[in-house]
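Biologist: Before we discuss this chain, may I ask you to display it and then take my questions in turn?

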Amino acid sequence: MNHFLCCPRCNSTKISTRDYARKAGSVVGTAAGAAGSAAAALGGAEAGAALGIVAGPIGSIFGGLAGALMGALFGGAAGCAAGAAVGEVIDTTVLENYECQDCGHAFSKPPSQS
Ligand SMILES: [Zn+2]
């Protein structure tokens with residue numbers, strides 16, 4: 001609980017989180033997710049084009065674009081969420097994610113404090 005967290009150096013309760021890994025993770029995850037979904041996006045484009053053919057050549061183009069766009073969007077969003085989740089774990093377990101607003105002391109959350 002952040003409410004009970006206080007600085008181990010000066011006992012101030014003005015503690016902020018830095019969330020470096022979470023922010024980096026969401027950026028990396030978005031890029032990785034978008035890149036990783038490129039193949040899926042192409043598959044979506046093909047499926048969209050195949051469906052669009054029923055509506056004619058123009059429908060095929062729009063169907064393909066919509067399929068590719070949906071694939072990239074979903075891939076990016078999923079990657080962002082996954083990256084943020086991984087980053088959050090790194091933040092709370094590995095990095096000194098808490099920073100005292102009064103003395104600037106950075107520290108990590110005590111592992112067994114409830
Ligand atoms: Zn402090």
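**Surface patch, salt bridges and a polar contact**

Modeller: In this predicted model, V94 is placed in the loop that runs between α3 (57-93) and β2 (98-100).

Biologist: Is V94 buried or exposed?

Modeller: The relative accessible area of V94 is 60%. A residue counts as exposed when that value is over 50%. V94 is therefore classed as exposed.

Biologist: What is the approximate area of the nonpolar surface patch that includes V94?

Modeller: V94 contributes to a nonpolar patch together with Y20, V86, I90 and L95. The area of this surface patch is about 460 Å².

Biologist: How many salt bridges does a search of the whole structure find?

Modeller: One of them pairs D102 with K14, and another pairs E99 with R18. R22 also forms a salt bridge, with D19. The search of the whole structure gives a count of three.

Biologist: How many residues apart in sequence are the parts that the salt bridge between D102 and K14 ties together?

Modeller: The side chains of D102 and K14 meet at 4.0 Å, N to O. D102 lies in the loop between β2 and β3 (106-107), whereas K14 lies in the segment before β1 (15-17), so the parts tied together by this pair are separated in sequence by 88 residues.

Biologist: Which residue of the salt bridge between E99 and R18 is buried?

Modeller: The closest approach in this bridge is 3.8 Å, N to O. The pair links strand β2, which holds E99, to the loop between β1 and α1 (20-36), which holds R18. E99 is partly exposed at 27% relative accessible area, whereas the value of 18% falls under the 20% cut-off for burial. The buried residue is R18.

Biologist: In the salt bridge between R22 and D19, what is the relative accessibility of D19?

Modeller: The closest N and O atoms of R22 and D19 are 3.8 Å apart. R22 is partly exposed, at 32% relative accessibility. D19, in contrast, counts as buried, with a relative accessibility of 15%.

Biologist: Which residue joins its side chain to that of S12 in a polar contact?

Modeller: S12 lies in the segment before β1 and counts as buried, at 8% relative accessibility. Leaving aside neighbours within four places in sequence, S12 is in contact with L5, C6, C7, C100 and D102. The side-chain polar contact spans 2.6 Å, and the partner of S12 is D102.

Technical notes. Residues numbered from 1 in each chain as written. Predicted model: local features only at pLDDT ≥ 70, side-chain atom pairs only at ≥ 80, totals over all residues. Heavy atoms only, no water. Patch = residues over 30% accessible without salt bridge, like charges linked within 9 Å, V, L, I, M, F, W, Y side chains within 5 Å. Areas by Shrake-Rupley, 256 points an atom, 1.4 Å probe, with all protein chains shown as cover. Helix = DSSP H or I, 4+ residues; strand = E, 2+ residues; numbered from the N terminus. Buried < 20%, exposed > 50% of the residue type's maximum accessible area, 1.4 Å probe, protein only. Contact = heavy atoms within 4.5 Å. Polar contact = N/O pair within 3.5 Å; in protein donor to acceptor, adjacent residues only side chain to side chain.
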